[in-house]
Amino acid sequence: MTSSNGKQEALWAPVEGRLLAMLDGVETLTLGLLNEATCAWMEGEYNRTVHAETRRKPVDRYVDGTVSLEGIRFEIPNRFRHLGTLTVRYARWNLGSVHLVDPRTDTVLAPIYPIDKARNADGQRRVLEPDVLAAAPPGTPTGEMAPLLRKLMTEYAATGISPGYLPKPENEEQV
């Protein structure tokens, strides 16, 4: 339990210290804007900052959760990403049936599937136009988000990567 709590606290420190601080001056902060800002900040800053314990960027560690077969990248299920060596069974002519196996018993542990880059990249987003901030002393609320966060959101929107959540349309009736 302590390990989990420590991990959660370690995640919340930069969320509170960086992300929320950059949103501090925003007058009308909606859930949709918070979600957009969080995704952009996670992808643009948090996942690309070297972690103090692992000495690696989270985005680099995520890449370790894939394996390439015949030029196609396959995603390894999270529960097996800690393994240093993987054994897979597949037929070169049928990459639709690839399995992660236990090398000692030849038992199938899990099927693995190709990463669908097209589906991951088809998210339709609008590109946010950069605003010009009114000159204000540092730390003075301007009614707008921090310029760095605006930049991260613009860059994230330009990638076309689908958000890590599916926003519910605001005009949808409650069920």
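Start by selecting Val101 and Val108: Val108, in β5, is the bridge partner of Val101. Keep in mind while you click around that this is a predicted model.

Now widen the selection to the two strands, β4 (94–101) and β5 (108–114). They run antiparallel to each other and pair over four bridges. Together β4 and β5 make a hairpin, with six residues between them.

Stay in that turn and pick Asp106, which sits in the loop between β4 and β5. Check its backbone torsion: phi is near 65°, a positive value in a residue that is not glycine. Most residues other than glycine have a negative phi, so this one deserves a label in your viewer. Is Asp106 buried, partly exposed or exposed? Its relative accessibility is 45%, so Asp106 counts as partly exposed.

Next, look at what else β5 pairs with. Select β2 (72–75); β2 and β5 are antiparallel too, paired over two bridges. A good residue to click here is Glu75, which stands opposite Tyr113 in β5.

Step back along the chain to Glu70, in the loop between β1 (66–69) and β2. Here is another positive phi in a non-glycine residue, near 50°. Glu70 has a relative accessible area of 47%, so it is partly exposed.

While you are in this part of the chain, show the side chains of Leu69, Phe74, Ile76 and Phe80. We'll come back to them shortly.

Zoom out for the overall layout. The protein has five helices and five strands, and along the sequence they follow the pattern α-α-α-β-β-β-β-β-α-α. Of its 175 residues, 23% count as buried. If you turn on the surface, you are looking at about 12,800 Å² of accessible area, and 54% of that belongs to carbon and sulfur atoms. For a contact map, note that among contacts with a separation of 6 or more, 50% are between residues 24 or more positions apart.

Now for the helices. Select α2 (31–44) and put a distance between its end C-alpha atoms. You should get 20 Å, which agrees with the 20 Å expected for 14 residues at 1.5 Å a residue. Which residues of α2 are buried? They are Ala37, Cys39, Ala40 and Trp41.

Click on Ala37 in helix α2. With a relative accessible area of 0%, Ala37 is buried. Beyond its neighbours within four places in sequence, Ala37 is in contact with Leu19, Leu23, Leu149 and Met153. Try the C-alpha distance from Ala37 to Leu19: these two are 18 residues apart along the chain and separated by 8.0 Å.

Those contacts lead straight into the largest nonpolar core. It has 14 residues, and the ones touching the most other members are Leu19, Leu23, Ala37, Trp41, Met145, Leu149 and Met153. The elements giving two or more residues to this core are α1 (2–22), α2 and α5 (147–159). Apart from it lies another core, of eleven residues, including the Leu69, Phe74, Ile76 and Phe80 you displayed earlier. In soluble globular proteins, nonpolar side chains tend to be buried together.

For a longer jump in sequence, draw a C-alpha line from Ala157 to Ala40. They are 117 residues apart in sequence but 7.7 Å apart in space. Ala157 is in helix α5 and is buried, at a relative accessible area of 9%.

From there, move to Met145. Leaving aside neighbours within four places in sequence, Met145 is in contact with Met22, Leu23, Val26, Leu33, Arg150 and Met153. The arginine on that list is worth a click: Arg150 is found in helix α5 and counts as buried, at 14% relative accessibility. What lies 3.2 Å from a polar atom of the Arg150 side chain? It is the backbone oxygen of Met145.

Last stop: Asn47, in the loop between α2 and α3 (58–63). Asn47 is buried although it lies in a loop, with a relative accessible area of 15%, under the 20% cut-off for burial. Show its surroundings and, beyond the neighbours within four places in sequence, you will find Asn47 in contact with Met42, Lys57, Pro58 and Val59.

Notes:
Residues numbered from 1 in each chain as written. Predicted model: local features only at pLDDT ≥ 70, side-chain atom pairs only at ≥ 80, totals over all residues. Heavy atoms only, no water. Buried < 20%, exposed > 50% of the residue type's maximum accessible area, 1.4 Å probe, protein only. Contact = heavy atoms within 4.5 Å. Core = buried A, V, L, I, M, F, W, Y, C linked by side-chain atoms within 4.5 Å. Areas by Shrake-Rupley, 256 points an atom, 1.4 Å probe, with all protein chains shown as cover. Polar contact = N/O pair within 3.5 Å; in protein donor to acceptor, adjacent residues only side chain to side chain. Expected span 1.5 Å × (residues − 1). Pairing = 2+ DSSP bridges.
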